[in-house]
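Hi everyone, thanks for making time for this. I'd like to walk you through one model, so please have a look at it with me.

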Amino acid sequence: MPDKNILEQPVSPHLWYAVRTFNCQEHKVSRFLTEKEWVHFIPMTYVQTAISNEGEEKKSKPILVPAVHNLLFIQQKSDEKEVFRILKECPVPVSVFRNPGEGKPCTISSRDMEELRQLCDPQYKTRLYDSR
């Protein structure tokens, strides 16, 4: 049963795919997908880094980094063939996660992606908060 304190937001009916990149190239794939105007995101998190200039005390600064390297998610805004056509044009090698044994691409529901994006997509506009 959902918590009454969490606001319900409309969820897009589109499915999502988990896409693997290689050699930490998720930002290059993201730039490519942005150029193609394709909805996608890289799970991101903040980490503290030490910055020091000569003669100054070390300062800590948060920077945004991928939460999981070599992983991003792409929204299926049309048919599955179109998603794979776009990914074949990508200048960086990528692969879509597939169900073992079946060979079919793993799909992720919009509801599940909504929750993930709330946690680790800093550009995501819809933020839901639990007021417990």
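**Aromatic rings, a lone glutamate and a two-sided helix**

Let's begin inside: Trp 16 is buried, and Phe 41 is buried too. Please keep in mind throughout that this is a predicted model. These two residues form an aromatic pair of the edge-to-face kind, with 6.2 Å from centre to centre and 80° between the planes. Trp 16 belongs to strand S1 and Phe 41 to strand S2, residues 40–41, so their pairing ties together parts that are 25 residues apart in sequence.

Phe 41 has another partner. Its ring and that of Phe 73 have centres 5.4 Å apart and planes at 20°, so this pair is stacked. Phe 73 sits in strand S5, so here Phe 41 helps tie together parts that are 32 residues apart in sequence. Both Phe 41 and Phe 73 are buried. Put the three rings together, and Trp 16, Phe 41 and Phe 73 make one aromatic cluster. Across the whole structure, the search finds 3 aromatic pairs.

Let me step back for the overall layout. The chain has 3 helices and 6 strands, and from the N terminus on the order is β-α-β-β-β-β-α-β-α. Of its 132 residues, 30% count as buried. Taking contacts with a separation of 6 or more, 69% are between residues 24 or more positions apart.

Now to a residue I find fun, Glu 26 in helix H1. Which side chain of opposite charge is nearest to Glu 26? That is Arg 31, 10.0 Å away, and Glu 26 has no salt bridge although it is buried. What the side chain of Glu 26 does reach is the backbone nitrogen of Asn 70, at 2.9 Å. Setting aside neighbours within four places in sequence, the contacts of Glu 26 include Thr 21, Ile 42, Pro 66 and His 69.

On to helix H2, residues 80–89. Its buried residues are Val 83, Ile 86 and Leu 87. They span an arc of only 100° around the axis, which puts them on the same side of H2. What do the buried residues of H2 pack against? Their partners are strand S1 (16–21), helix H1 (26–35), strand S5 (71–75) and strand S6 (94–96). On the face turned away from that buried side, H2 carries the exposed residues Lys 81 and Lys 88.

H2 also brings us to the charges. The whole structure has 3 salt bridges. In one of them, Lys 36 joins Glu 89, with the closest N and O atoms 3.0 Å apart. Lys 36 lies in the loop between H1 and S2 while Glu 89 is in H2, so this pair ties together parts that are 53 residues apart in sequence. Glu 89 also meets Arg 85 in a salt bridge, at 2.4 Å from N to O. Those two both lie in H2, 4 residues apart, about one turn of the helix. Arg 85 in turn forms a salt bridge with Glu 82, where the closest N and O atoms are 2.6 Å apart. Arg 85 and Glu 82 are 3 residues apart in H2, again about one helical turn.

How exposed are these residues? Lys 36 is partly exposed, with a relative accessible area of 35%, and Glu 89 is partly exposed at 36%. Arg 85 is partly exposed as well, at 39%, and so is Glu 82, at 24%. Together, Lys 36, Glu 82, Arg 85 and Glu 89 are linked in a network of salt bridges.

That's my tour; happy to go back to any part of it.

Methods
Residues numbered from 1 in each chain as written. Predicted model: local features only at pLDDT ≥ 70, side-chain atom pairs only at ≥ 80, totals over all residues. Heavy atoms only, no water. Buried < 20%, exposed > 50% of the residue type's maximum accessible area, 1.4 Å probe, protein only. Arc of directions from axis to C-beta. Contact = heavy atoms within 4.5 Å. Lys, Arg positive; Asp, Glu negative; His and termini not counted. Salt bridge = Lys/Arg side-chain N within 4 Å of Asp/Glu carboxyl O. Polar contact = N/O pair within 3.5 Å; in protein donor to acceptor, adjacent residues only side chain to side chain. Phe/Tyr/Trp six-rings, centres within 6.5 Å; stacked < 30°, edge-to-face > 60°.
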